[in-house]
Amino acid sequence: MPDPPLRRATALTAIAVLPAAAEHPDVSAPGAAPVLVAGGTGDPATPYGGAEKTADALGGGAGVRLTYEGRGTAPAAVGTPGCATPSAAALWTATYRGRERSALEKPQLRWHPARFSTGCAAGCAICLPWPDRPSRPDAEDRRGGASMMRFFRVAASAVAAVLVAGCGAGSSDGGGGDGLSPPAGLPASLTGQELDWGRCGAASDGPAPGDGWQCATLEVPLNHAKPKGATMDVELIRGRSTGGPGERVGSLLLNFGGPGASGVAYLPGYGDLLSTLRERYDLVSFDPRGVGSSEGVRCRDDEEIQAAESVDTTPDTAAEERAYFEDAADFGRGCAQDAGEVLGHIATTDTARDMDLMRHVLGDRTLHYLGFSYGTELGGVYAHLFPGNVGRMVLDAVVDPTADTVGQARNQTLGFQRALDAYLESTGQDPEKGSQRIADLLKKIDAEPLRTSTDRELTETSALTGLIQPLYGERSWPALTGALEAAERGDGSGLLKLADEYNERDSSGHYGTVTHAQRAISCSDDRRRPTPEQARKLLPGFRKISPVFGAYMAWDTAGWCHDWPVAGRFDTPEVSAPGADPILLVGNTGDPATPYEGTRRMAEELGEGVGVQLTWKGEGHTAYGSGSECVDSTVESYLLDGTVPKNGKVCAS
């Protein structure tokens, strides 16, 4: 059946050039009245080239381009003589994934002082809604447990050792403090909210923090493309500044990685580590959407998770491969069943937009930020979306923003093999021979799981997780030695204990949810999803990089988001932030999870004069707070006093 005809616009129609979704809407409109397509030359979220492409796609001369020569997200500006009137109607009809969507809205008229290339001295902004995403069917019944994991998060030991379419500057929405410019496009009910700080309850999967910490709930749009629609709650925690009057810089927002780490649960545990920063900042963290108390995703129950430990994540036969991908698809169904509509709105860009609302409601003109591991990607995305709002920002253990799904897997394979080599050298072993010895041990475990001191066996998957966990920090290497020696004697208890630490399994058999949220968020981001056949072709190259981790990582490129119920947003995150204040990038040459090369690539992608590199020649994941006085003092001088170090500074210890 052909698509229904487009309704004819009776007046000039304005289109804000919106960011691409997983699939582009069909906006062809032959024979329509002129459609004004506004594009901003300095637009960070929807680059100016989109205006030209949209105008061409409308077809038949319908698209009339209007250039906004300014910075920030351009309003859809009506440049007719005298501009539009409040009675004018804007009609946008689009086909989104095969379903017609129409929106008939009265223009929201806002004064904008910028000049446009048409010669109109003032613009009248129109905000048009993004078409609704089609509803998703109810999830099927689920079974089994989690068997796959990505090693992208900050382990506790590591740190311790929408679009908003439209109406730009000059909005009259209030909130957040005198003179603060609220996030564009959000209603006053959100930008004007006041946080009701009070005593914290028990954190997700953890006890309540003690005295000195306060919690509050921030209301955010469920869908930032529909800011006046449904909302959801994001949980915040803060520790007030301990400094004297006049010493406070503002709020310092922290993200501990993952994706999936609960800031509400993590922040109190790092109170001592962050005490110097707290002298001049209110320390603030949060549970990102899909995490912990912010509609946290739980895709399987404890029994199902434990059952999935028997799934072979390096399949050798057709039957094992079938079971592997069936389990992967089942995990996604479980997430959809638990999260419902929220699952489509937990991507990194969604959280970055939440952060700008946090900044405003906290009363800060700019965002001061300290992000670890995945938190560096989140920080980079924020800087891209809001370059003018970047304050003092530090990104530690930097994710490579140029790497797609396969690239990230290859990077981590290399990173963990480097860490394993360093560990083996520390014990006097030849890295090549030692790695092969461990690979042979894993093959034996794959064929016959090891007994443990519990009623559970050590499978190859659990053994791999047990190997990964202590490589996050050099302080855990002695535990790895003991666990490997025991495994070679036929006792898998040590490696299973390390795997349980990674999976947050307690003595009662209850598992945490960091790995659930990690997978749900990263699959909401990742648009490139290799097929099983493509994963098979990666095996030789990945095994060459690492005989220990290569096969697992190659299969994971296809298994991680296999048959995921939500489309991904991007191949690689956009982090370019021209004009932003300096961002300090801290890279560790011995980092297993976010290899050092990512620091340089992030600096290149941020743009000239934005990224400032600091190198630590150390071991483990993350650098700040890991024992280097050089790193700690450099980071603290920047955050506390604004002292930007020389680009390329190296800390040898």
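Here are some informal notes on this predicted model, point by point.

1. Confidence first. The protein chain has a mean pLDDT of 80, with 72% of its residues at 70 or more. Residues 1–24 stay under 50, and for that stretch the model has 62 contacts beyond four places in sequence. Residues 68–147 are also below 50 in pLDDT. Beyond near neighbours in sequence, residues 68–147 have 222 contacts in the model. I'd keep both stretches in mind when looking at the chain.

2. Next, the sheet. It is open and built from 10 strands, with mixed pairing. Going across, the order reads β9-β10-β11-β13-β12-β14-β15-β16-β17-β18. At the edges sit β9 (198–199) and β18 (649–651), each of which pairs on one side only.

3. Now β11 and its neighbours. On one side, β10 and β11 are antiparallel and share eight bridges; Leu218, for example, has Val234 in β11 as its bridge partner. β11 also runs antiparallel to β13, and four bridges join these two strands. In that pairing, Arg238 stands opposite Val284 of β13.

4. How enclosed is β11 by the rest of the structure? Largely, because seven of its nine residues are buried.

5. A helix goes over this part of the sheet. Helix α8 (residues 348–362) lies across β10 (214–221), β11 (231–239), β12 (250–255), β13 (281–286) and β14 (367–372). Relative to β10, α8 runs at about 120 degrees.

6. For the parallel side of the mixed pairing, look at β16 and β17. Strand β16 covers residues 583–590 and strand β17 residues 611–619, and they pair in the parallel sense over seven bridges. One pair to click on is Ile583 with its bridge partner in β17, Gly611.

7. Last, a helix pair. Helix α16 (residues 532–545) packs with helix α17 (residues 550–559) at an angle of about 155 degrees, their axes being 8 Å apart. An angle over 145 degrees counts as roughly antiparallel, so α16 is roughly antiparallel to α17. The crossing of the two helices is right-handed.

8. Which residues of α16 meet α17? On the α16 side they are Pro532, Ala535, Arg536, Leu538, Leu539, Phe542 and Arg543. Facing them in α17 are Gly550, Ala551, Met553, Ala554, Trp555, Thr557 and Ala558.

Note on methods. Residues are numbered from 1 along each chain as its sequence is written. This is a predicted model: local features need pLDDT of at least 70, side-chain atom pairs count only at pLDDT 80 or more; totals for chains, interfaces and linings use all residues. Side-chain values use heavy atoms; hydrogens and water are left out. Two strands pair if DSSP finds at least two bridges between them. Contact means heavy atoms within 4.5 Å. Axes are lines fitted to C-alpha atoms, for helices over the stretch in contact, and angles run from 0 to 180 degrees between N-to-C directions. Buried means under 20% relative accessible area, exposed over 50%, partly exposed in between (1.4 Å probe, protein chains only). pLDDT is the predictor's confidence in each residue, from 0 to 100. Angles under 35 degrees count as roughly parallel, over 145 as roughly antiparallel, 65 to 115 as roughly perpendicular and the rest as oblique. A crossing is left-handed if the near helix is turned anticlockwise from the far one by less than a right angle, and right-handed if clockwise.
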